[in-house]
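Student: I'd like to practise reading a model with you, feature by feature. Could we take burial, charge pairs, helix packing and surface patches in turn?

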Amino acid sequence: MRFLVFAPNDWEEQWMNRQQLFSRIGRKNTVTYSTGLFFSWDTKTQGYRKAPNFFNVLKHRDNVDILFVSKIFCRVPKLRYLDGLIVKLFGLYINKLMGNEKVCLYLFHPKFYQQTSSVKKQLLVYHLYDDLSLQRGYELYREDDETLLIEADVVLCSSKLLQQKIIEKTGRKDILFLPNGVDSAAFSKPRQVPAELKEITGPKVTYTGSINEKVDLELLLSLSLELKSVNFILVGNLKGNVLPEKLITEIKRRPNIFLLGFKEKTEMIGYVQHSDVNIMIYKTDGSTWSKYIYPLKMHEYLSTGKPIISSDIDAVREYSAHIHIASDKKSWIQAIQTALSEPTFDDNKVKIAKLNDWEHRVDSLYRYLKLD
């Protein structure tokens, strides 16, 4: 089986479930990964600037063929004829690239539905890694999302709560649950203390991952004001284009909040291993999609054996014996104080993480696709 995977994030950026799954699947199968066609509104993005000018380019990395689509393949939805022609040409290119192989078309976002509709495939998989209906720009893809939920041979959800929502929405009883996992071998390997952490004295409470709308930065700011001796460390891309400018400014002014930016996957492990407490601080007021997430970082945090605190979301409750759950400012303060007084290592957490390794997730996926 040849896997043709379309996902919205560049392979080289923050590793998410798509890279974890398909870098492993690529050991036994041919995998082609792409972020698909550009749209006219992408022309000012870094991805478009880095794209090849005239010809599509394939590069092999991490057991996967990464397809970098040319700038020529840029959709212009307002110009229907031109847009349709670009989609048609891209479909012809993809079919030629796939040859006569049996293809599993694996989509992580509905925006890829139209541009892959002519791909010759044996299997169509739709993997919902978040509740996309609650995310910015969903209206552009609502119809394609609804169509995929009907047409896909296999629909996967990353959380049980999202799985239940999609079952109720579609009436399909075959919606499958495939949670996020952890590269336990990578996280169990001791890393050096990152130089940036060496310069920070005092307790270190760390969040890793994208810093976007779902992260409760207002709560974090409030905690930093109450717990002045605690250092709050944020490791990940700051999505300034979707966050209030005033809030970002206030956060940057706090002497005990450190915005350390994006780190490569192996480098990031050192920050998690050498923090005193790792946190998942999400909004729970229903204003974002955080209610339905299965945090990628949960099992990564567990694999370090360090104390963990999380906002009260459904996916975390299963592990409440090993993760402190906080629901408001007062309980967050209490949880941080308690966590900082706990042993710095708990082997039971490591054992749980190993049971949730990405290798097990790949085995489950093979069974779901009847490829085992």
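Student: Let's start with burial: does Asp131 count as buried or exposed?

Tutor: Keep in mind that this is a predicted model. Buried means under 20% relative accessible area. Asp131 has 4% relative accessibility, so it counts as buried.

Student: Which residue does the side chain of Asp131 meet in a salt bridge?

Tutor: The general idea comes first: side chains of opposite charge can pair when their charged atoms come close. Here the partner of Asp131 is Lys165, at 2.6 Å from N to O. Asp131 sits in the loop between strand E8 and helix H4, while Lys165 belongs to helix H5, so the bridge ties together parts 34 residues apart in sequence. Lys165 itself is partly exposed, with a relative accessible area of 25%.

Student: How many salt bridges does the structure hold?

Tutor: There are 18. Some share partners: Arg24, Arg27, Asp183 and Glu359 are joined that way into one network.

Student: Let's walk through that network. How far apart are the closest N and O atoms of Arg24 and Glu359?

Tutor: They are 3.3 Å apart, and the two residues form a salt bridge. Arg24 lies in helix H1 and Glu359 in helix H15 (residues 358-368), so this pair links parts that are 335 residues apart in sequence. Arg24 is buried, at 8% relative accessible area, whereas Glu359 is partly exposed at 32%.

Student: And which other salt bridge involves Glu359?

Tutor: Glu359 also meets Arg27, at 2.9 Å from N to O. Arg27 is in the loop between H1 and E2, so this bridge connects parts 332 residues apart in sequence. Unlike buried Arg24, Arg27 counts as exposed, at 52% relative accessibility.

Student: Back to H1 for a moment. How many of the residues of helix H1 are buried?

Tutor: Nine of the nine, so H1 (residues 17-25) is largely enclosed by the rest of the structure. The buried residues include charged Arg18 and Arg24 as well as Leu21, Phe22 and Ile25.

Student: What about strand E2: is Tyr33 buried or exposed?

Tutor: Tyr33, in strand E2 (residues 30-34), is buried, with a relative accessible area of 1%. Separation in sequence and in space are worth reading together: Tyr33 and Trp11 are 22 residues apart along the chain, with their C-alpha atoms 8.0 Å apart.

Student: Now helix packing. At what angle do H8 and H13 pack?

Tutor: Look at angle, axis distance and handedness. Helix H8 (residues 217-226) and helix H13 (residues 329-340) pack at about 55°, with axes 11 Å apart. That makes H8 oblique to H13, and their crossing is right-handed.

Student: Which hand does the crossing of H11 and H14 have?

Tutor: It is left-handed. H11 (residues 296-304) and H14 pack at about 135°, their axes 6 Å apart. Angles over 145 degrees count as roughly antiparallel, and H11 and H14 are therefore oblique to each other.

Student: Last, the surface. Which residues make the nonpolar patch of about 610 Å²?

Tutor: Leu79, Tyr81, Leu82, Leu85, Leu89 and Leu92 make it. Take Leu89, in helix H3 (residues 80-98): it counts as partly exposed, at 42% relative accessibility.

Key:
Residues are numbered from 1 along each chain as its sequence is written. This is a predicted model: local features need pLDDT of at least 70, side-chain atom pairs count only at pLDDT 80 or more; totals for chains, interfaces and linings use all residues. Side-chain values use heavy atoms; hydrogens and water are left out. Patches are made of residues with over 30% relative accessible area and no salt bridge: like charges are joined within 9 Å, nonpolar side chains (Val, Leu, Ile, Met, Phe, Trp, Tyr) within 5 Å. Accessible areas come from the Shrake-Rupley method with a 1.4 Å probe; for residues, only the protein chains shown count as cover. A salt bridge is a side-chain nitrogen of Lys or Arg within 4 Å of a carboxyl oxygen of Asp or Glu. Helices (H or I, at least four residues) and strands (E, at least two) are DSSP runs, numbered from the N terminus. Buried means under 20% relative accessible area, exposed over 50%, partly exposed in between (1.4 Å probe, protein chains only). Axes are lines fitted to C-alpha atoms, for helices over the stretch in contact, and angles run from 0 to 180 degrees between N-to-C directions. Angles under 35 degrees count as roughly parallel, over 145 as roughly antiparallel, 65 to 115 as roughly perpendicular and the rest as oblique. A crossing is left-handed if the near helix is turned anticlockwise from the far one by less than a right angle, and right-handed if clockwise.
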